[in-house]
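Morning, everyone. Let me put the structure up, and then we will walk through one sheet.

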Amino acid sequence: MMKQLGCLLLALALAGSLSGCGSSGPAEGQTFAMDTVMNFSAYGEKGEDAITAARERIYQLEAELSRTREDSEVSQLNQAGGEMTAVGDDVWKLLTSAKTYSAATGDAFDITVAPVVSAWGFTTDTYQVPSQAELDTLLQLVDDSRIQLEQRSDGCYAALGQGQSIDLGGIAKGYASDCVAEIFAQYGVESGMISLGGNVYVSGAKPDGSAWRVGVQAPQDSSAAVGILDLTDAYAVTSGGYQRYFEQDGKRYHHIIDPATGYPAESGLLQVTVVAGADAAREDDGNPAGTGTMCDAFSTALFVMGEEKALDFWRSGAYEFDLILVTDDGRVLVTDGLADRFTPMDGSEYSYETVS
Ligand code: AMP
Ligand code: MG
């Protein structure tokens, strides 16, 4: 099995080698949380303090959001048997945003896919191909419109439908990146970068005023890139079937489930990268969580939707973002908003197309 390492490590390698800041380099930190390697880099007087605070915040989020920790808020909600349960600010924002992005993507993103994810063994690392009968039964539980949210005078409450459970794995790291962005702002970090297992956020530009250079990993080779993104004040989130999978009888089964079939999505895409400016997501659009959360939800959803539906969704203009899609027939599709910010890799075997 492979873990989510790719995009971010490459991003940091480039950041480190190209930052060129002489003696006053950034504060750096690395941690393992939410089942992935996380890297932080922060310039400024309070860079070290910002990274310490970011780490603590991420541990707190992991304790609230993990489905495998019995005492997490998410586990309590999953065990509540459909009863209204008090939820904190983080879970509230995530549930609200998850429902919004599920509706926006025609249910390609659905956090109530949790029982199906578990049936494949991705929750416990005990992999198996479930029977069609089991999937048919579990698919009846997949419908996030049954999640009820209520704001009362004494706080926020949520209830799942009877028998349902939720898995925030497709959106939690994006939310964590939004939370770290907030911390960087609080600590006056005007230049920095974080990479949380495929979820990259860059604060400002590099201290010399140039853009951060973020490598977009090649799906079949974790040491190679399909290209480089020049980013300032932005998020870039990558989803790919290669990030977590198992093999049985010569066939590969990955962790991004199509809620319509219960099977790992086979949409013709190997990888989806969603890129958006830091302020792209807005609360009045149903996202109280932030742009990192939006990009994370969309990277998962658009992987499920496939090339045509993903590009139709992008063209609809309903949300502000751009895309880099890698298809299973060797094409890299880059939406035109990234035309002057994406550089294909020299000597690459992919064919590159700009999409408008
Ligand atoms: P990501 O790496 O952000 O694409 O998220 C993948 C993770 O999201 C999986 O490991 C599951 O925990 C969860 N997941 C899988 N399929 C879906 C889906 N269709 N909608 C929402 N979450 C999903
Ligand atoms: Mg995601």
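First, some vocabulary: two strands pair if DSSP finds at least two bridges between them. Strands are DSSP runs of E, at least two residues, and helices are runs of H or I, at least four, numbered from the N terminus. Next, the ground rules. This is a predicted model, where local features need pLDDT of at least 70, side-chain atom pairs count only at pLDDT 80 or more, and totals for chains, interfaces and linings use all residues. Residues are numbered from 1 along each chain as its sequence is written, chains are lettered from A and ligands numbered from 1 in the order written, and side-chain values use heavy atoms, without hydrogens and water.

Start at the hairpin of β1 and β2. Two residues lie between its strands, and M34 takes a positive phi near 50 degrees. The pairing of β1 with β2 (residues 36-42) is antiparallel, over seven bridges. Q30, for instance, has N39 in β2 as its bridge partner.

Now zoom out. The hairpin strands belong to an open sheet of nine strands, in the order β1-β2-β6-β7-β10-β13-β14-β15-β17, with mixed pairing. At the edges are β1 (27-33) and β17 (351-355), each pairing on one side only. From one strand to the next, the twist averages 10 degrees. Angles run from 0 to 180 degrees between N-to-C directions, and axes are lines fitted to C-alpha atoms, for helices over the stretch in contact.

What packs on the sheet? Helix α7 (residues 172-186) does, touching β2, β6, β7 and β10 (contact means heavy atoms within 4.5 Å). Its direction makes about 160 degrees with that of β6. Helix α8 (residues 291-316) packs there as well, and β13 and β17 are among the strands it touches. The direction of α8 makes about 125 degrees with that of β13.

Last stop, β13. How many of its nine residues are buried (under 20% relative accessible area, against over 50% for exposed and in between for partly exposed; 1.4 Å probe, protein chains only)? Seven are, so β13 is largely enclosed by the rest of the structure. β13 pairs with β10 in the antiparallel sense over seven bridges. There, T238 has T273 as its bridge partner. With β14, β13 forms six bridges, again antiparallel.
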